[in-house]
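Reader: Could you walk me through reading enclosed space and unusual backbone angles in a model?

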Amino acid sequence: MPNISRDEVAHLAKLARLAVTDEELDVFAGQLDQILDAVAKVGEVAGDEIPPTSHAVPLTNVFRADEIRPGLSQEQALAGAPAAEEGRFRVPRILGEEQ
Amino acid sequence: MTAVAELMDYAEVIERFDPVLGLEVHVELSTNTKMFCGCANVFGGEPNTHVCPTCLGLPGALPVMNGKAVESAIRIGLALNCEIAQWCRFARKNYFYPDMPKNFQTSQYDEPIAFDGYLDVPLDDGEVVRVEIERAHMEEDTGKSLHVGGATGRIHGAEHSLLDYNRAGVPLIEIVTKPITGAGERAPEIARAYVTALRDLLRAMDVSDVRMDQGSLRCDANVSLMPKGTSEFGTRTETKNVNSLRSVERAVRYEMARHGAVLAGGGTIRQETRHFQESDGTTAPGRTKETAEDYRYFPEPDLVPVAPSREWVEELRGTLPEPPWERRKRIQEEWGLTGEELRDLVNTGAADLVAATVDAGAEPGDARSWWVQFLTQQANAREVELADLPITPAQVARVIELVKSGELTNKLAREVVQGVLAGEGEPDEVVETRGLKVVSDDTALLTAVDEALAAQPDVAEKIRGGKVQAAGAIVGAVMKATKGQADAKRVRELILERVGA
Amino acid sequence: MTDLTRLTAAELAAKIHAREVTSAEVTRAHLDRIAEADGRVHAFLHVDTEGALAAAREVDAGLEAGHAPASPLAGVPLALKDVLTTEGIPTTCGSKTLENWLPPYDSTVTRRLREAGIVILGKTNMDEFAMGSSTENSAYGPTRNPWDHERIPGGSGGGSSASLAAFEAPLAIGTDTGGSIRQPGAVTGTVGVKPTYGGVSRYGLVAFSSSLDQAGPCARTVTDAALLHEVIGGHDPLDSTSIDAPVPPVVAAAREGARGDLSGVRVGVVQEFAGEGYQPGVLRSFQAAVEQLRELGAEVVEVSCPNFAYALPAYYLIAPSECSSNLARFDAMRYGLRVADDGEHGAEEVMSLSREAGFGAEVKRRIMLGTYALSSGYYDAYYGSAQKVRTLITRDFTAAFERVDVLVSPTTPTTAFKIGERVDDPLAMYLADLCTIPANLAGNPAMSVPSGLSDEDGLPVGLQIMAPTLADDRLYRVGAAYEVARDAAAGGSLVHQVPELEAAK
């Protein structure tokens, strides 16, 4: 039985980069709890001996030749950008380190 | 500013602790195109000009694997004596960061293409250490950010950042060692030797530019210490931003001394990422994360599994070059070098280049002298590694061939090499465009000889009178007239012929 | 003069290719109808009047010059779901976050439509990022069901289905992740097909759940759907999951089916899709449809697919998990809505505030659900188990298709519900996809074809037909046979019973 707390929902929102409001936290906590309770049913039949399926159609080895294809111009690339500068995407200051 | 860390004397560290190393090396493959799209894989370029919907992470765009990159990954796995997976998938590593367009990295997770291998690493004194390889897996590189404002150009203090995604999606192979134990005081040296051996191997395979200065080979060094007599690994730190072979050694040594001081002082090591600072050889902590990252890996649904047939794997095994250290052993015997001579060659980074030049048809002596003398000077002048000079062993071999055939003098040959280094093309093109061919046309030379003799009738008379050594003055005049492009030996012959001496 | 908007795509194509009418006239007629009806229906988010007319004139010019039509549907207008990218035409996915986004590239489906000379009228409304079963989750307001304006047109592709039922377009494209083509088709009395996964390229289809999403044809007749299926189907090297095999012969199959003989065809009725939660009128319509199939010569048997009961919970783990990752790219850095970029907030805060402002409740709910299901410590119990259920569903299909050629069920348990009725109850909303989800999980093709009106509320009901992977042609054979027989018995096509605009509430 899941039972997801308000704090857990807040943590999920943080992981998912959603600045949810307090009211949303209350609503989502209740709804997620209810949904998780319903979907936990998958555990009833998911035995150890059953292999998981990640792809609906079993294809393998789909490769592309190592050949250059025309992409976008700098102008096209930046056309949808909220802000751009010197041919680059301009974003607010980044805190933290590169991964 | 962070306080200067206390360091323990290195000898004491070794006396009291056993170091454990783990090295993660990222190699950018030198394929024509990126890992999952057809954009050019090139270093630099105008920002955001090698991008497309896929590597920019535009809504709706999909990845398709670069077959050549998969091939390179398998070859690297084989060269590292790894098992090659029968079936493996990509996964998504989910975390938000602006330099990663999709906010997940497409990477292999629990199903690497290659695993359980080893690399035999030669040390300076000839001893060979076996480093066990845990895995080699495929992934993609991120874009690059430029931090604007603030004093340092780094993250801290920046007002905003600018992003360029030309590098986003460039194919990477991450090679991870198993924990390296028992290295003792040689741990820093082994770390450097491992990365060096790996670099030489990858270069010989022609799968990557392996330029640490440009980031096409990057090393993260994990270091921990355990008190002597215990067998439980200590807490490790991961040092990034290690941009040269020398830095690998320095970073490991520094972290060992720092860990030693912390542990001896009764402190505990915090598991964290640290950044190596080239300027003073220290490491500084990165930002500590409030919570452990949860990457929420799951199989990448947009890519299908890779299942390399055993036939393909064996075919690729057949394409592996002779490992550099075996080639060195062979050339030592073939050229009759002493161990010390070979070591000098290796230490200057010339051994493989000389060998490759010999393979391209040059005499060992000529090849050695070019790389060890003139080209080493050029590399030093440019402050780059010998191997990073923009000239290939085949080009050097061609220059040697031109000298042998008398088409170039040694002096001209050096000019040709300068031309190649300046990006003027192949040696023959440089000879052509710079007009450096030896003047071997006797008619043209005879004109110059006649003119010189006419200009100095007294000298001509001396030669005619038997003072053959006086010909030197005429030779000099001819060489001057032909701007050094004449073969001095032939000029001398012609002079003697002309005066009837 | 005939009302051009009442003709089928095949009829329109025949007239255009015979030069009886120009594509520009046909296009103009549909644009006029949109101008007249869409204020009420709201099927479109964007109407590309100039682009459509230009494309139509190009087709006309080609025909005038004596060139053969680019495809059997050249010159016929179409409504495109706003989840497929269109170069230079807004693509919003029904989300505020993409309000002003102009894609720099065409999806493969878009490209194939253009190359086939099909005229794209505009982009249709949808639940935000295709998450929903009612089109109420669109950031741009709901679409109304042409049968009853107080009711939902299904979802997520409610704009596409409503545009067909409102005679604003003879053809439409939908995408189906858990039923988003078929369920809207069922509740609007139109035809919708989810092809075999990998049968139609996903390149340029803005992903909701990558391993389930599939674009497909929507139309008012089975034959029209088949013609459109052949235009958009086929291998695409830009989609790694695209199947490198010829498109199944769906048009030929529809023609064969229309002859009205299903002898030798074995039809399996899925036992599990009946009983509690099913509207009696829907079940009665379904029973009548099964009877009709038997009369056409089909051999009908009952088939049990015991794991289908686990399809819905598995779906509500897999789809949110994949969406939590797919939608991470909407971070206000490279495109899309950005708020709070005031020099005070850092990138991470701007991301979180922009995503909060740009996404609606259902999208946030699913992102968090998926984030939870993929978290370390929960992965095995949730996402991992759901993927095992996927294996079990596929095994059920495999076993069933050893006994029968196609499976049938109601497309959705109820007729169109009232707008607002289920918005606060996600679980009730999710039940709309109960019968359609198994085919998404296993990847096999399925169709919804109108089976008449439910006797208690007079609203359309859909018959779902499911076939084995890559046997899409079977859907068309059975669907066309049934359609012809039903229409003959009922004295005409169901969709022509849609009330006039004014008559609908």
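Author: Gladly; we will take the cavities and then the backbone. Keep in mind that this is a predicted model.

Reader: Where do we start with empty space, and how many cavities of 30 Å³ or more are there?

Author: Rolling a probe the size of a water molecule over the atoms shows where empty space is left. Here the count comes to eight cavities of 30 Å³ or more. The largest cavity holds about 190 Å³ of space. It is lined by 22 residues, and closest to its centre are B:Thr54, B:Cys55, B:Lys102, B:Thr106 and B:Glu140.

Reader: Which strand gives the most to the lining of the largest cavity?

Author: That is strand β5 (residues 104–107) of chain B, with three residues. By character, the lining of the largest cavity splits into 10 nonpolar, five polar and seven charged residues.

Reader: Now the backbone, please. Which residues does a cis peptide bond join?

Author: Look at C:Gly155 and C:Ser156, where omega is about 10°. C:Ser156 sits in the loop between β3 (119–124) and α5 (158–165) of chain C.

Reader: What about phi? Is A:Arg17, with its positive phi of about 55°, buried or exposed?

Author: A:Arg17 is not a glycine, and it lies in the loop between α1 (6–15) and α2 (22–39) of chain A. The cut-off for buried is under 20% relative accessible area, so A:Arg17, at 13%, counts as buried.

Reader: And B:Asp206, is that residue buried or exposed?

Author: B:Asp206 also has a positive phi, near 60°, and belongs to the loop between α3 (187–205) and β11 (217–227) of chain B. Exposed means over 50%, so B:Asp206 counts as exposed at 62% relative accessibility.

Technical notes:
Residues are numbered from 1 along each chain as its sequence is written. Chains are lettered from A and ligands numbered from 1 in the order in which they are written. This is a predicted model: local features need pLDDT of at least 70, side-chain atom pairs count only at pLDDT 80 or more; totals for chains, interfaces and linings use all residues. Side-chain values use heavy atoms; hydrogens and water are left out. On a 1 Å grid over the protein atoms alone, a cavity is a set of points where a 1.4 Å probe fits but cannot get out, and a pocket is an open set with protein on both sides within 12 Å along at least five of seven lines; lining residues have an atom within 4 Å of a point. Grid points are joined across faces, edges and corners, and a volume is the space filled by probe spheres set on the points. Helices (H or I, at least four residues) and strands (E, at least two) are DSSP runs, numbered from the N terminus. Ala, Val, Leu, Ile, Met, Phe, Trp, Tyr, Cys and Pro count as nonpolar, Asp, Glu, Lys and Arg as charged, and the others, Gly among them, as polar. Buried means under 20% relative accessible area, exposed over 50%, partly exposed in between (1.4 Å probe, protein chains only).
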